Amino acid sequence: MITPPSKDCSESPDWLALLNRLQKSQTLAAIVLSAWHIGLYVARTLVEQQLNDRAQAPTEWGSCSVCGHRLHSKGFASRQMVTLVGPVHWRRRVGRCPQGCRGSQLIPFDTVLGIDAYQQTSLELVRLGCLLAIFVPFELAAWLLSQLSGIQVSDDSLWQWVQHYGSQSMGQCEATVEHWQQGHAPTLDVLNDEVAAMPLLIAADGVTVPLRPHSRTPRGKTRWREVKVALLARLHHRLNRNGKSVTRLQHRRLVAVLGDLESLKPRLQLEAVRQGIETAPQVVWLSDGARGFWRLFDTCFAHLATGILDFYHAAAHLWQAADAYQDGNPARTPQMWFERLRHQLRHGYVHRILDELHWLARSPNTAASTKPILQRVHNYFKTHQPHVQYRLFKQQGLPIGSGMVESACKWLIQQRFKGVGMRWSEPGLNHLLALRVAWVNQRFDSLFAQQSLALPPISPNR
């Protein structure tokens with residue numbers, strides 16, 4: 001027999017209706033859903049009982065901040081809030097100055113509960129709403145929230161929550177960077193001995209996002225701007241089922257900035273320090289041939305890290321040379337020449353490629369229109385010669401492709417910010433991006449409370 005949580009609700013119409021629905025349920029799904037609603041009713045009742053019981057405790061009243069007189073209790077006042085278990089109601093003491101000073105009202109129990117004067121939604125519900133919104137569009141997040149909790153929240157409310165906590169996350173990040181730049185040591189991520197002994201990878205790439213041309217209106221032509229994304233992770237090597245060594249990323253962290261490289265630079269440096277760049281046994285920088293990223297490498301990481309140019313971007317430059325050298329002559333086969341040069345590149349013979357390109361660029365048999373292209377490709381590989389020693393890199397177990405950061409760009413940026421018809425305001429994108437990065441870096445919960453609000457996993461087998 002199911003009993004209500006207290007004698008006071010045994011006659012409650014809601015309790016009787018829920019119990020009656022459970023008893024009439026026929027299918028397993030209907031029984032589970034009816035029991036779920038009963039659970040929410042019981043939880044809401046327990047919360048209200050706890051709040052009302054705790055509000056009865058004696059209150060120590062302080063002094064009026066205006067006139068200094070001791071505050072007097074003015075009795076109990078009602079308070080309600082929407083929570084994860086539904087709307088809850090309780091009554092708590094309110095104190096005021098006997099002189100009637102403006103602004104002297106004090107509600108100590110609200111302070112104990114950690115709620116603001118005009119707060120209408122509890123923090124655990126806001127957290128869940130923000131968590132859903134960082135994965136799916138706001139309308140869909142509002143619908144999912146109603147399906148999970150039975151609480152109806154508008155997509156506009158979710159947007160407001162994301163703006164508030166996204167702005168808070170950005171402020172915390174800027175304050176942390178400024179504090180570090182002033183010479184204060186940051187808090188390092190805790191790594192166990194096994195992870196700390198792995199090589200540290202830093203990879204960088206960029207991806208464009210659609211922005212509105214003007215704030216507060218969707219009208220006008222879309223502006224495309226680039227988000228700079230950096231991935232930091234430890235490289236873990238293990239054997240697969242076929243006995244082949246494969247690389248997996250451990251302790252993954254991301255840095256993402258809508259802006260130029262000067263905005264990314266301090267954040268990436270700080271995150272690298274947090275991830276133990278100064279104590280890592282080996283540090284690897286991996287990116288495509290974008291000049292800005294390599295200037296960033298030379299400025300910040302060249303003294304600690306091994307630079308690797310993405311193999312597939314390097315091979316694409318070889319194809320440019322092979323395609324240009326055809327010179328419209330169908331007797332020449334650029335594919336065969338390209339495959340031969342790519343094989344040499346992969347196996348550490350970049351000096352042969354440089355010699356051949358140099359000779360072709362100066363050969364009288366090469367068309368004048370082709371020579372500048374061959375010279376440009378030659379200069380490209382000459383600049384990156386230390387970064388294309390792929391045979392050596394593979395022998396050391398290092399990756400030679402930047403697929404991991406390109407993948408991060410896709411699921412961090414494209415999946416959420418480049419949906420059909422999406423165009424963002426700059427603040428709106430920045431705030432949501434800050435929450436997504438905080439989630440990836442396991443710093444999401446710290447935005448909402450000192451103590452994690454995430455529910456501990458409960459095994460269904462218990």
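These legends accompany several close-up views of a predicted model.

**View 1. Aromatic rings that meet edge to face.**
Welcome to the aromatic residues, where the count comes to twelve aromatic pairs. Why is the pair of Tyr-380 and Phe-381 called edge-to-face? The ring centres of Tyr-380 and Phe-381 are 5.5 Å apart and their planes stand at 85 degrees, so the pair is edge-to-face. Planes over 60 degrees apart are what this label asks for. Tyr-380 is buried, with a relative accessible area of 13%, and Phe-381 is buried too, at 0%. Tyr-390 and Phe-393 form another edge-to-face pair, with 6.3 Å from centre to centre and 80 degrees between the planes. Both Tyr-390 and Phe-393 belong to helix 14 (residues 390-395), where they sit three residues apart, about one turn of the helix. An α-helix has 3.6 residues a turn, so residues three or four places apart point the same way. Tyr-390 and Phe-393 are both buried.

**View 2. An aromatic cluster, and arginines over rings.**
Trp-285, Trp-294, Phe-297 and Phe-301 come together as one aromatic cluster. Elsewhere, look for arginine side chains placed over ring faces. Arg-352 lies over the face of Tyr-349, at 4.2 Å from the ring centre. Arg-416 has a comparable role in the picture for Phe-138: Arg-416 lies over the face of that ring, at 5.4 Å from its centre.

**View 3. Helix 4 and its surroundings.**
Is helix 4 largely enclosed or largely open? Helix 4 (residues 123-133) has eleven residues and nine of them are buried, so the helix is largely enclosed by the rest of the structure. Among the buried residues are Leu-125, Arg-127, Gly-129, Cys-130 and Ala-133. What do the buried residues of helix 4 pack against? Their partners are strand 1 (72-83), helix 5 (138-149), helix 6 (155-181), helix 15 (403-417) and helix 16 (426-440).

**View 4. The largest nonpolar core.**
In soluble globular proteins, nonpolar side chains tend to be buried together. Here the largest nonpolar core has 101 residues. The residues with the most contacts inside this core are Ile-202, Trp-285, Phe-301, Leu-345, Tyr-390 and Leu-412. Strand 3 (residues 200-211) gives the largest share of the core, eight residues. To follow one residue through the view, take Leu-345. Leaving aside neighbours within four places in sequence, Leu-345 is in contact with Phe-311, Ala-314, Ala-315, Leu-318, Val-350, Ile-353, Phe-381, Val-388 and Tyr-390. Apart from the largest core lies another core, of eight residues, including Leu-51, Val-85, Val-88 and Phe-109.

**View 5. The second largest pocket.**
Rolling a probe the size of a water molecule over the atoms shows where empty space is left. The second largest pocket has a volume of about 620 Å³. Which of its 26 lining residues are the closest to the centre of the pocket? They are Ser-169, Met-170, Cys-173, Arg-267 and Val-437. Helix 6, strand 5 (245-258), helix 8 (261-274) and helix 16 each supply at least two residues of the lining. The largest share of that lining, seven residues, comes from helix 6. Ser-169 is itself found in helix 6 and counts as buried, at 11% relative accessibility. Not counting residues up to four places away in sequence, Ser-169 touches Ala-434, Leu-435, Ala-438 and Leu-447.

**View 6. Two exposed residues and their distances.**
Asn-242 lies in the loop between strand 4 (223-239) and strand 5. Asn-242 is exposed, with a relative accessible area of 73%. Its C-alpha atom is separated by 70 Å from that of Pro-58, and the two residues are 184 residues apart along the chain. Gln-395 has its place in helix 14 and is exposed, with a relative accessible area of 57%. From C-alpha to C-alpha, Gln-395 and Arg-223 are 44 Å apart in space, and they are 172 residues apart in sequence.

**View 7. Positive phi values in residues other than glycine.**
His-251 lies in strand 5, and its phi is near 50 degrees, a positive value in a residue other than glycine. His-251 is partly exposed, with a relative accessible area of 23%. Gln-442 is found in the segment after helix 16, and the phi of Gln-442 is near 60 degrees, again positive in a residue other than glycine. Gln-442 counts as exposed, at 65% relative accessibility.

Note on methods:
Residues numbered from 1 in each chain as written. Heavy atoms only, no water. Phe/Tyr/Trp six-rings, centres within 6.5 Å; stacked < 30°, edge-to-face > 60°. Buried < 20%, exposed > 50% of the residue type's maximum accessible area, 1.4 Å probe, protein only. Helix = DSSP H or I, 4+ residues; strand = E, 2+ residues; numbered from the N terminus. Lys NZ or Arg CZ within 6 Å of the ring centre and 35° of its normal. Contact = heavy atoms within 4.5 Å. Core = buried A, V, L, I, M, F, W, Y, C linked by side-chain atoms within 4.5 Å. 1 Å grid on protein atoms, 1.4 Å probe; cavity = no way out; pocket = protein on both sides within 12 Å on 5 of 7 lines; lining within 4 Å. Points joined across faces, edges and corners; volume = space filled by probe spheres on them.
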